[in-house]
Structure formats: C-alpha cells, structure tokens
Amino acid sequence: MTDLTEQYARLGIGPQTYAFGEEILRSLHDRFQAIDETAEYGQLKVIHAMQQCRVSEACLLGTTGYGYNDIGRDTLEKVYAAVFHTEDALVRPQITCGTHALALALMSNLRPGDELLSPVGKPYDTLEEVIGIRPSKGSLKEYGVSYRQVDLLEDGGFDFEGIRSSINDRTRLVTIQRSKGYQTRPTLSVERIGELIRFVKKIKPDVICMVDNCYGEFVERIEPTDVGADMVVGSLIKNPGGGLAPIGGYIAGKKECVENAAYRLTSPGLGKEVGASLGLLPSFYQGLFMAPTVTASALKGAVFAARAYEKIGFPVFPDGTQDRYDIIQAVTFGSPEGVIAFCQGIQSAASVDSFVTPEPWDMPGYDSKVIMAAGAFVSGSSIELSADGPIKPPYSVYFQGGLTFPHAKLGILKTLQNLLDRGIISPDFHRV
Ligand SMILES: *Cc1c(COP(=O)(O)O)cnc(C)c1O
C-alpha cells in the first residue's frame with residue numbers, strides 16, 4: 001500500500017481529481033523551478049547572515065525578567081538586519097502581530113503636527129483605526145498626526161502628479177503596502193516600490209519611507225530595503241517566522257527609525273536593552289531559516305490553485321502565468337456555495353481541527369458573513385494553509401499558505417473534490 005493514489009483515496013481524493021491535479025502540475029514545471037531558485041537564493045542569504053553574525057548555541061537560550069544582555073535576542077536582531085541589509089532591527093515576541101508592528105513603527109516615528117501619506121491607496125483594514133481613518137482611541141489622528149492618501153490609477157499605476165502635490169512640509173512618513181492584502185489592486189513588486197521611493201525622495205529627501213512587508217518576505221530575491229526603503233515591517237506568523245514562530249513582529253531599517261520604535265515598545269531610555277525572549281528564540285531562528293522554502297511552498301500552492309481554477313473557468317487573481325509578489329491567491333466563484341465548498345475543503349485537509357466544518361458567521365468588523373478555514377499549529381497563522389471568503393458578491397475566496405507543498409496540494413485537491421461532489425464543477429472539470 002505505497003501507492004500515491006491510494007494514499008489520496010484515503011484522504012477522500014478520487015482518481016479523477018488526482019489525475020486533473022497531475023495534469024495541472026505537469027504544466028507548472030518551469031514555474032516551480034523558478035520558485036525553487038528564488039528559495040535557494042533566500043536560503044543562502046539567511047545562512048550567510050547567520051554565519052556573519054556568528055549565531056552560536058548560546059544564542060538559542062532565552063532570558064527571563066528584564067532580559068538584560070540577551071545575547072540570543074540581540075544576535076537575532078543583527079541577523080534580521082543582515083538579511084534585510086539594514087542598519088538595525090527590532091524582532092520581538094512583545095510585538096504581538098503585524099498590525100502592532102505597523103502601529104509601533106508609525107507611532108514612534110511620527111510626532112504631533114506631522115503628516116502621514118499613503119501613495120498606494122487605502123491601507124490594510126486594521127490600519128484604519130491606527131491612523132484614525134475610522135475613529136479609534138489612541139489613533140494617530142488623536143495625537144495630531146494627519147493623514148493623506150493618493151489612490152492608484154485605474155490601471156494600477158502610481159498617480160505621480162497626485163503624489164507630488166500631496167507632499168508638503170509636514171509630510172514626515174510615507175507608508176507603502178507591498179501586498180494587495182484583500183483588495184483587487186495588483187501587489188507591488190520590489191522594483192516598483194523602488195521606483196516610487198526614488199520619486200518621493202527626489203521631492204523630499206528626508207521623508208521616511210516605510211513598507212508594510214506582510215506576505216512579501218522572501219517572495220523575491222530583493223526586499224524593499226534593497227531599493228531605498230528606510231523601514232520594513234512585518235509579522236512573524238507570516239513568511240519570516242517560517243511557520244515555527246508562535247508570535248512576534250519585526251521592524252528592520254535605519255538605526256534611528258528602529259531606535260524610535262524600541263523606545264516606544266519598551267520605554268524611553270530603555271529601548272532595546274530590555275525585553276526577555278523567554279524560550280522563543282529557537283523558533284525564531286529556525287523559523288527564519290525555514291522561511292525561504294516555506295514561502296516557496298506557499299507560492300507553489302497559490303500558482304497550482306490559480307492554474308487549476310482558471311482551467312475550470314473561474315476568474316483567478318493573479319492568474320496562473322503572472323509573476324507573483326506575495327503569497328495570496330484569489331478565486332472568484334460567483335456563488336456562496338463555491339466559497340463554502342472551497343473553505344470547507346481547505347479545513348478538511350488540515351492536520352489540526354480537520355474534523356471541524358467551518359460555516360459562514362457574522363464576524364465583528366465585517367459588513368457581511370465570513371467563512372474562514374484554518375487548521376493551524378499556530379493559531380491564526382496565515383503562512384499555514386488557510387482560506388477565507390466574505391459571503392457577498394462577487395463571492396471570492398482568498399487562499400494562502402502551506403508549510404509544505406504536498407500539504408498545499410492536498411488542500412487544493414480537497415477543494416476541487418468538494419466542488420465536484422456538490423455539482424459546482426462538472427465531472428470533466430468545467431464550471432457548471
Ligand atoms: C496581515 C497583514 C497585516 C496585519 O497583520 P496582523 O498580524 O493580522 O495584525 C497588515 N498588512 C498586511 C498587508 C497584511 O497582510
């Protein structure tokens with residue numbers, strides 16, 4: 001009983017679904033090879049950084065209490081700075097999530113009277129309350145930091161004229177979100193981010209350019225800090241934690257930006273000197289070590305899903321041939337049944353909570369019911385195989401993650417099997 005099809009059969013994948021998946025995979029050989037080469041590049045980059053910073057066995061031990069002289073924490077921050085080619089970095093379990101890391105970077109580097117500019121349209125949902133676009137206690141707005149936004153053009157391009165006229169003597173920080181998140185605009189390549197930063201710096205050289213790097217780390221060979229960003233910010237339960245970090249966020253960039261953030265995270269005067277790492281350092285180091293190949297697995301899953309669903313006839317974004325700059329894949333089903341079947345398929349492929357059936361529910365902060373599939377080792381981790389979809393037109397699901405490609409593949413095959421069993425796709429794999 002060592003046959004692959006039988007192993008799939010045990011997991012509920014029929015022979016037709018398996019065969020369809022194999023046909024799709026055959027067309028992806030070159031694509032996967034390119035992804036593997038980027039992972040190889042990233043892996044070497046991480047190993048080189050760890051060697052250069054002389055990571056030792058002692059670095060894996062943690063501290064408690066104040067955390068003074070935590071050599072493992074301090075060295076890890078040097079490793080991050082080496083990977084992102086920055087002067088310094090702050091990498092802490094006390095940074096609770098991506099939103100917290102972004103809020104920290106913004107609130108510590110802006111002062112009352114300053115203005116924040118987003119030249120790439122609306123930022124990620126949770127930042128609306130940080131900035132004060134939606135009123136909230138403690139927002140930047142409450143502290144007298146104003147906000148301006150320049151939307152992308154219809155074709156996804158930068159509105160250079162609009163950006164030029166929005167930069168004024170109060171503009172202190174420019175925030176650029178790399179990933180499209182859950183919007184329909186294209187994700188920005190690092191090269192395009194560089195183009196935007198050069199434009200902004202030509203108008204105002206001393207403005208701080210910050211990039212929300214969530215979901216983008218290790219997808220390309222270069223990072224935004226290689227093209228002029230003063231600061232990159234992200235979450236350790238996404239790409240750079242490699243699925244192993246159970247919590248945390250990072251800020252890498254100019255010494256002064258990082259110092260401001262450290263003074264805000266702990267306290268003026270204390271900064272980076274305090275903050276015990278507890279027992280988390282092995283997962284942070286090993287997670288970073290795994291991150292390039294884990295990101296590659298997630299990317300392969302996204303490309304596989306795109307190619308399969310576009311062949312069946314559903315709109316997918318990005319499509320199966322487009323270059324990728326983040327790990328998120330959208331598929332539009334045009335019906336609630338499609339969204340539900342997809343998310344339930346992803347859930348049923350999990351190692352944790354596979355027996356749970358997700359249902360649409362009224363989640364706080366959303367204007368429609370939402371269905372979420374997540375059977376993760378780390379709660380809420382979206383570098384692990386996960387999917388979610390708002391139950392409203394155009395009925396799209398957003399799919400991401402997969403710590404290994406075989407797991408991502410199983411997840412997608414389970415979604416296909418579900419859609420097939422429920423008559424949403426025909427036995428010859430076409431949209432009904
Ligand atoms: C996930 C994400 C965030 C917020 O991170 P959380 O960990 O969910 O708080 C911010 N920006 C982008 C682009 C993201 O993908």
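User: Which residue in β4 stands opposite L116?

Analyst: L116 stands opposite L173 in β4. This is a predicted model: local features need pLDDT of at least 70, side-chain atom pairs count only at pLDDT 80 or more, and totals for chains, interfaces and linings use all residues. Numbering starts from 1 along each chain as its sequence is written, and side-chain values use heavy atoms, without hydrogens and water.

User: Why are strands β2 and β4 said to pair?

Analyst: Pairing requires that DSSP finds at least two bridges between two strands. Residues 115–118 (β2) and 171–177 (β4) are joined over three bridges, in the parallel sense. Three bridges satisfy the cut-off, so β2 and β4 pair.

User: In what order do the strands of the sheet run?

Analyst: The order is β1-β7-β6-β5-β4-β2-β3, seven strands in an open sheet with mixed pairing. The names come from DSSP runs numbered from the N terminus (strands: E, at least two residues; helices: H or I, at least four).

User: Why is one side of β1 and of β3 left without a neighbour?

Analyst: β1 (88–92) and β3 (146–149) each have a single partner strand, so they stand at the edges. From one strand to the next, the twist averages 20°.

User: What makes helix α5 a helix that packs on the sheet?

Analyst: Contact means heavy atoms within 4.5 Å. Helix α5 (residues 98–109) touches β1, β2, β4, β5 (208–212), β6 (231–235) and β7 (249–253). Its direction makes about 150° with that of β6. Such angles run from 0 to 180 degrees between N-to-C directions, with axes fitted to C-alpha atoms, for helices over the stretch in contact. Helix α9 (residues 255–265) also packs on the sheet, touching β1, β5, β6 and β7, and makes about 30° with β1.

User: How many cavities of 30 Å³ or more does the search find?

Analyst: Two. A cavity is a set of points on a 1 Å grid where a 1.4 Å probe fits but cannot get out; lining residues have an atom within 4 Å of a point. The largest has a volume of about 40 Å³, the second largest about 30 Å³.

User: Which residues line the largest cavity?

Analyst: S118, V120, P123, L127, T175, I176, Q177 and D212. They divide into four nonpolar, three polar and one charged. β4 gives the most, three residues.

User: What lines the second largest cavity?

Analyst: I35, T38, A39, F218, V219, P292, A296 and L299. Seven are nonpolar, one is polar and none is charged. α3 (29–52) and α10 (281–312) each supply at least two residues of this lining.

Note on methods: 1 Å grid on protein atoms, 1.4 Å probe; cavity = no way out; pocket = protein on both sides within 12 Å on 5 of 7 lines; lining within 4 Å. Points joined across faces, edges and corners; volume = space filled by probe spheres on them. Nonpolar A, V, L, I, M, F, W, Y, C, P; charged D, E, K, R; others polar.
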